[in-house]
Structures are given as structure tokens and as C-alpha cells.
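Q: Please take one part of this structure and walk me through it closely. I am new to it, so keep the steps short.

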Amino acid sequence: MDRRNFLKTAGAAGTIGISGLSGCLGVLGGGGEDADVRFVLTPAESDVNVKEQYAGVFDYLESETGASIEPKVAADHQAVLQALENDQADIADASPTLAVVGDNAGVTDVVGIRVAYGASRYFSTITTQPDSPIDSLSDLADETVVFGARLSTSGSLFPLKMLADAGLDVGDAPEGEVTGFTGKWSNDHNTAIEQLLERDEYMAAGTGAFVSLPHVPQSQLPEQVMNISSDADTAGTEDPDLQLLAASDPIPRAPLLSRRNWESSVRSDVQTALLDATESDLKGSNASDELWFTGVAEATIDDYEPVRNVKNTLGLEFGN
């Protein structure tokens with residue numbers, strides 16, 4: 001499939017179809033009562049139950065707004081967009097990439113940007129092992145690089161942009177053939193790091209900084225990572241060490257998105273409650289898995305301009 005159209009196709013209703021989507025999400029219904037809010041979640045890229053992780057968020061929203069939250073977990077990033085596009089969800093935990101995809105398709109609005117311990121921006125990294133012959137990104141020509149999920153913003157798209165900026169030919173990545181090196185994609189960030197550590201043929205890994213920085217000595221971190229990243233304090237706290245080859249520009253954290261044509265008496269209340277929530281509101285007392293974000297800040301699609309820039313670099317057509 002032409003990489004310029006694969007995201008557009010993945011986001012279209014005809015790709016999976018309503019029946020296929022229902023199989024991913026479970027039957028969400030056709031709208032229900034006005035106070036029913038269908039909240040779709042992106043599968044976690046770690047070993048947590050994302051539905052349980054959000055238990056405090058749902059309890060808080062119900063107590064603050066009187067809404068009845070109906071949570072469902074999507075199969076993948078594309079299924080999240082399709083749920084919003086096909087009127088099978090009202091609000092969503094989504095990736096930064098889907099903020100751009102949904103806006104271009106006229107499907108979604110940004111409710112807010114999620115904040116982790118005071119930071120609304122995070123980073124992508126490319127790392128290698130300290131004893132590898134790789135000293136710079138240009139050394140990765142003709143080598144094998146492992147990434148997170150193909151549509152992961154920090155685990156695939158931003159690392160590909162960094163490699164392209166370094167002069168490597170990314171070919172039709174992330175969906176098609178790579179030209180200037182061998183690209184391998186794993187299911188998540190943690191798996192990519194594990195494969196870098198365990199497989200000799202993998203010379204570097206592109207992941208979110210939240211999994212790589214614990215293995216990178218703090219002395220290697222660029223100044224903007226030290227100043228902005230909420231993960232900087234974890235640098236160098238885990239064995240084994242990794243060598244940082246490059247860190248991305250700051251990436252806007254993942255948004256909460258609402259369906260643009262969502263008409264409900266509780267829409268405004270739900271969105272306001274999310275923006276007003278404190279860390280203790282969001283975490284609640286019933287969640288068995290810790291929520292990764294500590295607040296939701298006001299944001300618009302303009303905050304996701306860096307993601308549009310990645311799209312332009314890779315030549316991908318997000319949405320219509």
C-alpha cells in the first residue's frame with residue numbers, strides 16, 4: 001500500500017467496517033441516553049490493564065457530572081479513530097498522531113493535553129548499546145533499527161524523522177519498505193528496548209524517552225530534555241546502560257479527544273471536569289494500575305503542529 005495513503009485508509013470506515021470495529025471494541029450501542037458517555041481507550045503500550053488504570057477518572061467524571069461512563073478498550077490506534085468517526089464513542093484516550101488524523105478528517109476536537117508531573121511535552125530517543133560501533137545516526141546506514149508500534153508517535157514516527165534528518169533514506173516507512181537501513185517494529189516501547197539488549201543484529205532502538213532514559217546516564221541528556229522532560233530524574237537509574245544517539249524535539253503529550261459532532265447535555269460538563277481535575281481526582285482510590293498522567297491542560301490542535309511536521313517529513317497523508 002502506498003505509504004501516502006495508508007493512514008487515510010486505516011482511518012476510513014470501510015477498512016475494518018462496523019462489524020469489525022464492534023469486534024474490537026465490543027458493541028458500544030447507538031448513542032443511548034443523553035447522559036451516557038462512551039469513553040474509548042487506546043491499548044496501553046505496557047503491561048497494565050488500561051481500563052483499571054482509568055477507574056479513578058471514570059469515578060471522578062460520574063461524580064462531578066452525573067454522566068454514566070461506558071468505557072471500552074479499542075484494538076489499536078486505528079480502531080480508536082474509527083469509533084469516533086462511526087459514532088461509537090464520544091471521547092477518547094488518543095495518541096498525538098490521532099489528534100492530527102482526526103482533525104484533518106473533521107472528526108475530532110482536542111479536549112486537552114495530558115500532563116505528567118508538570119510536563120505537557122515529552123521526547124523520543126534513539127539509543128544503542130555502549131559497546132556498539134554506532135557513534136551517530138548516520139552510522140546506522142545499512143544497519144537494523146527496532147522501533148515501537150508502527151503508528152506510535154514517539155516509538156516510530158519521531159525516530160523515523162530523526163533518521164531522515166540525519167540523511168538516512170526511510171523509504172516507505174513506517175508501513176512500507178525502508179531503503180537506507182533495516183527497520184523492525186515491535187508491539188511496544190519496552191519490547192523494542194528488550195530486543196536491542198538481547199539481539200546482536202539490532203544496533204539501535206527508537207522509543208519514547210519514558211522507557212529509554214532510565215538506562216541513559218544523565219550526563220548524556222541534552223539541556224532541553226533536562227529542562228522539560230518529567231523523565232529526566234529517572235536517567236541512569238536502571239541497568240544496563242544505553243548510549244543516547246539522539247533525542248527528538250519536544251513532542252506534545254497525548255490528547256484527550258472528543259467526537260466533533262457529539263451533541264449531549266453533558267459534553268461541556270465532562271470536558272470542563274477533565275480540565276479542572278487534580279492529580280488525586282484522576283487517580284482516585286479504586287485503580288489497581290497507576291495512571292500515567294497527573295492532569296489535563298487546555299490545548300488546541302495547534303499544539304500538535306510538531307506532529308504535522310513529522311507527517312510532512314515522512315510524506316504521510318493523515319486523514320482527508
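**A buried aspartate and its surroundings**

A: Aspartate 188 is buried, yet it has no salt bridge. The nearest side chain of opposite charge is that of arginine 199, 13 Å away. A salt bridge needs a side-chain nitrogen of Lys or Arg within 4 Å of a carboxyl oxygen of Asp or Glu, so this pair does not qualify. Keep in mind that the model is predicted.

What does lie by this side chain? The backbone nitrogen of threonine 191 is 2.7 Å from one of the polar atoms of the aspartate 188 side chain.

Now place the residue. Aspartate 188 sits in a loop. Strand 8 (182-185) comes on one side of that loop, and helix 8 (189-198) on the other.

Strand 8 belongs to an open sheet of 5 strands. Their order is 8-7-9-6-10, with mixed pairing. Strand 8 and strand 10 (243-247) are the edges, each pairing on one side only. On average, neighbouring strands are turned by 25° against each other, direction ignored.

The partner of strand 8 is strand 7 (residues 144-147). The two run parallel and are joined by 4 bridges. One bridge pairs phenylalanine 147 with tryptophan 185 of strand 8.

Helix 8 packs on this sheet. It touches strand 6, strand 7 and strand 9, and its direction makes about 160° with that of strand 9. Helix 7 (residues 153-165) lies across strand 6 (124-128), strand 7, strand 8, strand 9 (202-208) and strand 10. Helix 7 runs at about 75° to strand 6.

For contrast, look at charged side chains that do pair. The count of salt bridges comes to 15. In one of them, arginine 38 meets aspartate 87 at 2.8 Å, N to O. This pair links distant parts of the chain, 49 residues apart: arginine 38 is in strand 1 (residues 36-41), and aspartate 87 is in the loop between helix 5 (77-85) and strand 3 (91-93). Arginine 38 is buried, at 2% relative accessible area. Aspartate 87 is partly exposed, at 33%.

Another salt bridge joins aspartate 103 and arginine 308, also at 2.8 Å, N to O. Aspartate 103 is in helix 6 (residues 96-104) and arginine 308 in helix 13 (residues 305-314), 205 residues apart. Arginine 308 also meets glutamate 305 in a salt bridge, at 3.8 Å. Those two lie 3 residues apart in helix 13, about one turn of the helix. Asp103, Glu305 and Arg308 are among the members of a salt-bridge network that also includes Asp109, Arg260 and Arg267.

Notes:
Residues numbered from 1 in each chain as written. Predicted model: local features only at pLDDT ≥ 70, side-chain atom pairs only at ≥ 80, totals over all residues. Heavy atoms only, no water. Buried < 20%, exposed > 50% of the residue type's maximum accessible area, 1.4 Å probe, protein only. Lys, Arg positive; Asp, Glu negative; His and termini not counted. Polar contact = N/O pair within 3.5 Å; in protein donor to acceptor, adjacent residues only side chain to side chain. Pairing = 2+ DSSP bridges. Axes fitted to C-alpha atoms, helices over the stretch in contact; angles between N-to-C directions. Contact = heavy atoms within 4.5 Å.
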